[in-house]
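Colleague: I am new to this structure and would like a close look at a single part of it. Please start with one helix and work outwards from there.

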Amino acid sequence: MMEWLQEFPKMSRGDLREMRRSLDGSFKEFTGKYGESIEAAFDPIKDFLIFLESTLINSPWPIILAVLVGIVYAMSRNLKITVGSLVALCVIGYLGMWEDTMRTIAMVTVCTLMAIVLGIPLGILMARSNRIQSVINPVLDLMQTMPSFVYLIPVVMIFGIGKVPGMIAVVIYAIPPMIRLTNLGIRLVDQDVLEAADAFGSSSWQKLTNVQLPLALPTIMAGVNQTIMMALAMVVVAALIGVKGLGQPVLNAIANQYLTMGVMNGLAIVAIAIIFDRATQAYGKRLQKHSEVIHG
Amino acid sequence: MGEATGIEVKNLYKIFGPNGKDMVQKVKDGMSKAELNEKHNHVLGLNDINISMPGGKIEVVMGLSGSGKSTLIRHINRLIDPTDGEVLYGNDDVCKMSQGELRQFRRHKTAMVFQKFALLPHRTVMKNTIYGLEVQGVPIKEAEERAARWIARVGLEGFEDHYPNQLSGGMQQRVGLARALTNDADILLMDEAFSALDPLIRMDMQTVLLDLQEELHKTIVFITHDLDEALRLGDKIAILRDGAVIQQGTGQEIVLNPADQYIADFVKEVNRGRVILVDTVMDKSKKLESGLNVQSGIMLEEAAKILAETGQGECCVVNGNGEPLGVLNVQDTIRAMVTPASH
């Protein structure tokens with residue numbers, strides 16, 4: 001009696017299977033038809049990644065070390081951060097992780113650039129219209145909470161295993177803070193200053209480039225910083241679908257219970273994360289030099 | 001430079017709310033601000049404003065907060081769209097301009113100074129000052145040359161490379177003024193430009209503005225809540241209350257003949273010596289054959305000073321050609337300065 005109260009009424013097993021089969025089938029059909037052309041569209045990015053990776057690995061290490069430390073100094077203008085980065089990179093090299101580290105740096109750099117190039121325009125669109133914001137926001141929620149393994153399934157179905165699906169997975173995971181913080185930064189710009197820009201007859205492009213983006217820059221830089229951190233956090237997951245770098249030894253260590261190997265590679269990821277974080281934060285702070293000196 | 005064009009504000013209404021347009025007729029039929037708010041949930045911002053702002057002169061719009069004065073000034077460059085009415089500059093109705101025309105109008109005909117300065121914090125004094133010219137597309141080098149002149153004129157020479165944050169409030173507003181002047185526009189809109197400054201600096205800035213106006217003869221619309229400031233700066237003053245003009249005229253007219261008790265309360269504390277002209281108080285029936293002469297058009301306070309310094313009991317008021325117009329004596333001067341002249 002009252003059977004429908006005991007158990008949640010559900011679709012019949014056959015119907016459910018039928019639904020799954022038809023959805024899977026049509027997606028497979030889709031990948032069969034368009035997979036190659038979608039893959040081809042990503043070729044330029046793939047080529048760039050391969051070029052960057054091979055440059056980092058194949059150039060003599062002292063040059064790369066000097067260039068990396070030089071970039072850190074140029075961004076931070078801070079001796080402590082620079083020396084710290086130098087020491088960290090030397091230790092990484094000495095412990096035999098130089099090549100993997102270079103692969104990871106190349107990957108994270110390309111993914112971050114992609115996230116910036118896609119994220120800032122989306123953030124700007126979102127800031128301009130409440131309607132666009134209400135469409136993009138749930139998508140970002142989905143991207144941030146959906147387990148990455150789930151969206152890896154269609155990505156792998158289209159691209160197979162390798163660098164491109166790895167990049168896509170990383171960018172999907174890392175782009176939301178870029179978009180959200182660009183949107184937030186622009187929305188927080190002082191209304192008085194915007195009114196002044198209007199009063200002097202600025203076009204909306206002039207308002208964007210002269211007022212909104214420069215004033216939102218600190219928030220946007222925080223977004224870049226977050227994006228880099230999240231991209232690094234995805235390195236191990238990306239290794240699952242064949243991205244080489246520091247993630248693979250970690251996977252290997254997990255499978256075989258190699259404690260030291262796992263810790264070493266894990267710490268190398270942490271070291272890179274700290275270098276990236278300190279350098280970008282110091283750079284972001286330097287960009288706002290104007291707001292530091294306060295009268296009186 | 002020819003005579004500057006004035007601004008005519010005609011039958012201007014602004015009603016805030018989703019159906020502002022439908023409410024205009026109700027307001028025209030006499031519905032009050034409170035009633036409109038209560039029954040229809042719309043806010044009456046401006047109610048049938050008619051002001052003729054003379055070209056090349058300073059028109060002050062005075063009112064307390066909530067009187068609609070900031071709303072009114074934003075209609076002149078249409079930062080706020082009117083619900084009904086006209087704002088005429090020459091033959092052009094600002095309210096009917098397309099977005100493109102409006103942008104050109106704002107770029108070339110108007111410049112604005114803001115209560116909270118509204119400088120770009122990431123730009124230096126120089127880069128802030130050239131903002132208007134930059135938007136117009138003037139080459140940077142030329143823009144900086146033109147801006148340098150105004151930066152010097154407002155007394156900020158040597159601060160070109162400072163950021164606004166490094167300057168005091170008074171200096172920041174000088175940048176705001178330099179930015180507006182560099183635009184070289186006929187109309188200067190000043191929205192409580194000096195209200196955020198402390199009293200001494202405010203006086204100082206008023207002097208700067210009056211000095212500049214003596215050579216520039218721009219059409220200035222100046223918003224303030226300070227009657228002393230209004231009387232000092234205004235060639236003409238309009239007093240706003242609850243979105244409606246309750247009196248307009250010269251400072252002297254308002255002080256001598258306040259339209260209602262509200263304004264009378266306002267003008268009670270005013271230093272009359274600085275508002276009333278000698279011409280108003282002098283005895284026109286008398287002529288003095290010899291003795292002390294003062295110019296027609298000066299204020300009582302100035303005449304009182306001359307009388308006190310010379311120790312004379314009366315003096316002759318003369319016009320520009322030296323012809324006598326009347327006689328001013330010490331007693332009348334003092335009486336006009338201390339008692340409300342309405343009786």
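Modeller: The part to look at is H10 of chain A, where Val193(A), Ala196(A), Ala197(A), Asp198(A) and Ala199(A) are buried. Keep in mind throughout that this is a predicted model. The cover over those buried residues of H10(A) comes from both chains: it includes H11 of chain A, and from chain B helix H4 (99-108) and strand E6 (110-113). Just past the end of the helix, Gly201(A) has a positive phi of about 80 degrees.

The cover from chain B leads to the contact between the chains. Chain A puts 20 residues into this contact and chain B puts in 22 residues. On the side of chain A that touches chain B, helix H10 (191-199) and helix H11 (204-233) each supply at least two residues. H10(A) gives the largest share of that side, with six residues. Sorted by class, the side of chain A that touches chain B holds nine nonpolar, eight polar and three charged residues. H11 of chain A thus appears twice in this account, once as part of what covers the buried residues of H10(A) and once as a supplier of residues to the side that touches chain B.

Now for the chain that H10(A) belongs to. Chain A has 14 helices and zero strands, and its pattern along the sequence reads α-α-α-α-α-α-α-α-α-α-α-α-α-α. The C-alpha trace of chain A spans about 80 × 60 × 45 Å along its principal axes. Of the 296 residues in chain A, 34% are buried. Among contacts in chain A with a separation of 6 or more, 76% are between residues 24 or more positions apart.

Chain B offers a helix pair to set beside this. Two packed helices are described by the angle between their axes and by the distance between those axes. Helix H14 (residues 300-310) of chain B packs with helix H15 (residues 330-338) of chain B at an angle of about 140 degrees, and their axes are 10 Å apart. H14(B) is therefore oblique to H15(B), since only angles over 145 degrees count as roughly antiparallel. The crossing of H14(B) past H15(B) is left-handed. In this pair, Leu300(B), Ala303(B), Ala304(B) and Leu307(B) of H14(B) meet Val330(B), Thr333(B), Ala336(B) and Met337(B) of H15(B). By class, the contact of H14(B) with H15(B) has seven nonpolar residues, one polar residue and no charged residues.

Notes: Residues are numbered from 1 along each chain as its sequence is written. Chains are lettered from A and ligands numbered from 1 in the order in which they are written. This is a predicted model: local features need pLDDT of at least 70, side-chain atom pairs count only at pLDDT 80 or more; totals for chains, interfaces and linings use all residues. Helices (H or I, at least four residues) and strands (E, at least two) are DSSP runs, numbered from the N terminus. A residue is buried if 20 or more other C-beta atoms lie within 10 Å of its own, exposed if 12 or fewer, and partly exposed in between; C-beta atoms are placed from the backbone. Two residues are in contact if their C-beta atoms, placed from the backbone, lie within 7 Å. Ala, Val, Leu, Ile, Met, Phe, Trp, Tyr, Cys and Pro count as nonpolar, Asp, Glu, Lys and Arg as charged, and the others, Gly among them, as polar. Axes are lines fitted to C-alpha atoms, for helices over the stretch in contact, and angles run from 0 to 180 degrees between N-to-C directions. Angles under 35 degrees count as roughly parallel, over 145 as roughly antiparallel, 65 to 115 as roughly perpendicular and the rest as oblique. A crossing is left-handed if the near helix is turned anticlockwise from the far one by less than a right angle, and right-handed if clockwise.
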